[in-house]
Amino acid sequence: MASYRDFSVQKAVTPAASAVGITNTNTTNDECRSIYIGVGDDYEFYVNGSWIRFENTADGSILPVRATGARHASDDSAPGTNDIVFLY
């Protein structure tokens with residue numbers, strides 16, 4: 001079976017098993033399978049060694065992005081409680 005990093009194709013299409021609210025600007029969080037946006041805003045996510053900007057993210061959306069960090073794009077501050085939730 002094909003795989004990408006430590007996720008098999010089968011695991012990649014199954015629902016998330018856990019979730020963690022991100023309230024720091026660390027780039028060393030565990031790599032998530034996707035990102036839930038609790039409060040829409042402009043955010044930057046740390047993906048493969050770089051900050052990537054996502055503008056106008058909508059409340060309640062899920063981004064299929066495997067990131068290890070998150071921050072507000074406007075001032076590089078940490079997301080508030082439940083603004084950003086990493087799904088694993």
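Thr-57 sits in the loop that runs between β6 and β7. I'll start there and then move to the strands. Keep in mind that this is a predicted model.

So, is Thr-57 buried or exposed? With a relative accessible area of 10%, Thr-57 counts as buried, because the cut-off for that label is under 20%. Its side chain has a polar partner: one of its polar atoms lies 2.7 Å from the backbone oxygen of Asp-41. Asp-41 also appears among the residues that Thr-57 touches, leaving aside those up to four places away in sequence. The others there are Ile-37, Gly-40, Tyr-43 and Leu-63.

There is a second loop residue to mention. Arg-66 belongs to the loop between β7, residues 62-63, and β8, residues 69-72. Arg-66 is buried as well, at a relative accessible area of 18%. What does the side chain of Arg-66 pair with? The partner is the side chain of Glu-31, through a polar contact of 2.7 Å.

Now the strands, beginning with the open sheet. Three strands make it up, in the order β6-β5-β8, and they pair in the antiparallel sense. β6, residues 50-54, and β8 are the edge strands; each has a single partner strand, so one side of each has no neighbour in the sheet. From one strand to the next, the twist averages 25°.

Within that sheet, β5 covers residues 43-47 and is joined to β8 by four bridges, antiparallel. If you want a place to look on screen, take Tyr-46, which stands opposite Gly-69 in β8.

Next is β9, residues 84-87. Which residues of β9 are buried on each side? On one side they are Ile-84 and Phe-86, and on the other Val-85 and Leu-87, so both faces of the strand are covered, given that buried means under 20% relative accessible area.

β9 also has pairing partners. One of them is β3, residues 19-21, which runs antiparallel to β9 and is joined to it by three bridges. In that pairing, Gly-21 stands opposite Val-85. Another is β4, residues 34-37, which pairs with β9 over four bridges, again antiparallel. There, Ser-34 has Leu-87 as its bridge partner.

One link back to the opening. Ile-37, which Thr-57 touches, falls within the residue range of β4, 34-37. Tyr-43, also touched by Thr-57, falls within that of β5, 43-47. Leu-63 is on the list too, and β7 spans 62-63.

That is what I have on the two loops and the strands.

Key. Residues are numbered from 1 along each chain as its sequence is written. This is a predicted model: local features need pLDDT of at least 70, side-chain atom pairs count only at pLDDT 80 or more; totals for chains, interfaces and linings use all residues. Side-chain values use heavy atoms; hydrogens and water are left out. Helices (H or I, at least four residues) and strands (E, at least two) are DSSP runs, numbered from the N terminus. Buried means under 20% relative accessible area, exposed over 50%, partly exposed in between (1.4 Å probe, protein chains only). A polar contact is a pair of N or O atoms within 3.5 Å; within protein, one must be able to donate a hydrogen and the other to accept it, and residues adjacent in sequence count only if both atoms are side-chain atoms. Two strands pair if DSSP finds at least two bridges between them. Axes are lines fitted to C-alpha atoms, for helices over the stretch in contact, and angles run from 0 to 180 degrees between N-to-C directions. Contact means heavy atoms within 4.5 Å.
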